[in-house]
Amino acid sequence: AFSICGYSCNLFVESTPEYIKCGVCKNVLRDPQLTECCGRNVCHPCIKETISTDGPCPLANDEKPHVKVSFNHKCRNDIDERRVCCSSRDNGCQWIDKLERLEKHLMECEFIEDVCIYCGVHVQ
């Protein structure tokens with residue numbers, strides 16, 4: 001359900017507008033950051049390595065080093081309020097609620113499959 005960077009668009013009940021999608025991974029923003037240089041939104045996981053190495057913005061056309069970002073509260077609030085399905089809906093989970101409640105649900109969901117570390121069998 002979750003990609004390495006942003007949230008999979010498949011989780012969301014309604015279609016996701018472009019302004020809440022990451023310019024790097026193209027998924028729905030996770031921990032949205034706004035770049036100062038070009039004013040685009042990116043996921044923190046998508047930009048953190050660039051920040052730690054003082055690299056240029058991966059979305060800007062210029063090669064200015066030291067990309068600067070700030071947390072985008074408006075996007076975070078908008079994304080948290082959007083309705084999502086459980087990532088285990090293919091296994092029968094009918095849960096639908098706001099994204100901000102997904103993590104708690106996943107900790108309790110009885111439809112999540114685990115893989116046995118010894119034999120590789122999928123079990124709920």
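## Salt bridge in H3

Glu-108 and Lys-104 are both in helix H3, four residues apart, which is about one turn of the helix. Helices here are DSSP runs (H or I, at least four residues), as are strands (E, at least two), and both are numbered from the N terminus. The two side chains form a salt bridge with an N to O distance of 3.3 Å. A salt bridge is counted where a side-chain nitrogen of Lys or Arg lies within 4 Å of a carboxyl oxygen of Asp or Glu. Glu-108 is exposed, at a relative accessible area of 56%, and Lys-104 is exposed as well, at 55%. Exposed stands for over 50% relative accessible area, buried for under 20%, and partly exposed for values in between (1.4 Å probe, protein chains only).

## Model and conventions

The model is predicted; local features need pLDDT of at least 70 and side-chain atom pairs pLDDT 80 or more, while totals for chains, interfaces and linings use all residues. Residues are numbered from 1 along each chain as its sequence is written, and side-chain values use heavy atoms, with hydrogens and water left out.

## Overall layout

The chain contains three helices and seven strands. Their sequence order is β-β-α-β-α-β-β-α-β-β. The C-alpha trace spans about 50 × 35 × 20 Å along its principal axes. Of the 124 residues in the chain, 36% are buried. A contact requires heavy atoms within 4.5 Å. Among contacts with a separation of 6 or more, 34% are between residues 24 or more positions apart.

## The open sheet

Three strands make an open sheet in the order S2-S1-S3, with antiparallel pairing. S2 and S3 are the edge strands, each paired on one side only. From one strand to the next the twist averages 40°. Strands are taken as paired if DSSP finds at least two bridges between them. S1 and S2 run antiparallel and are joined by three bridges; one of the bridge pairs matches Leu-34 with Asn-41 in S2.

Helix H1 lies across S1, S2 and S3 and runs at about 90° to S2. Angles run from 0 to 180 degrees between N-to-C directions, with axes fitted to C-alpha atoms and, for helices, over the stretch in contact.

## Helix H2

H2 covers residues 73–81, and its buried residues are Cys-75, Arg-76, Asp-78, Ile-79 and Asp-80. These buried residues pack against S1 (32–35), S2 (41–43), S3 (69–71) and S5 (96–98). At the start of H2, a side-chain oxygen of Asn-72 comes to within 3.3 Å of the backbone nitrogen of Lys-74.

Arg-76 is in H2 and has a relative accessible area of 13%, so it is classed as buried. Beyond residues up to four places away in sequence, Arg-76 touches Tyr-7, Leu-29, Arg-30, Asp-31, Pro-32, Phe-71 and Leu-99. Within the helix, Arg-76 also meets Asp-80 in a salt bridge at 2.6 Å, N to O. Asp-80 and Arg-76 are four residues apart in H2, about one turn of the helix. Asp-80 counts as buried because its relative accessibility is 17%.

## Further charged pairs

By the rule above, the count is seven salt bridges. One of them joins Lys-98 and Glu-81 at 2.8 Å, N to O. This pair links distant parts of the chain, with Lys-98 in strand S5 and Glu-81 in helix H2, 17 residues apart. Lys-98 is partly exposed at 24% relative accessible area, and Glu-81 is partly exposed at 43%.

## Nonpolar core

A nonpolar core is a set of buried Ala, Val, Leu, Ile, Met, Phe, Trp, Tyr and Cys residues joined through side-chain atoms within 4.5 Å. The largest one has 26 residues, of which Phe-12, Ile-79, Val-84, Leu-99 and Leu-102 touch the most other members. S2, H1 (44–52), H2 and H3 (102–108) are the elements that give two or more residues to this core. In soluble globular proteins, nonpolar side chains tend to be buried together.

Phe-12 touches Tyr-7, Val-28, Ile-79, Arg-82, Arg-83, Val-84 and Leu-99, leaving out residues up to four places away in sequence.

## Thr-16

Thr-16 is placed in the segment before S1. Its relative accessibility is 12%, so Thr-16 counts as buried. Apart from neighbours within four places in sequence, Thr-16 is in contact with Cys-9, Lys-21 and Val-28.

How values were computed. Polar contact = N/O pair within 3.5 Å; in protein donor to acceptor, adjacent residues only side chain to side chain.
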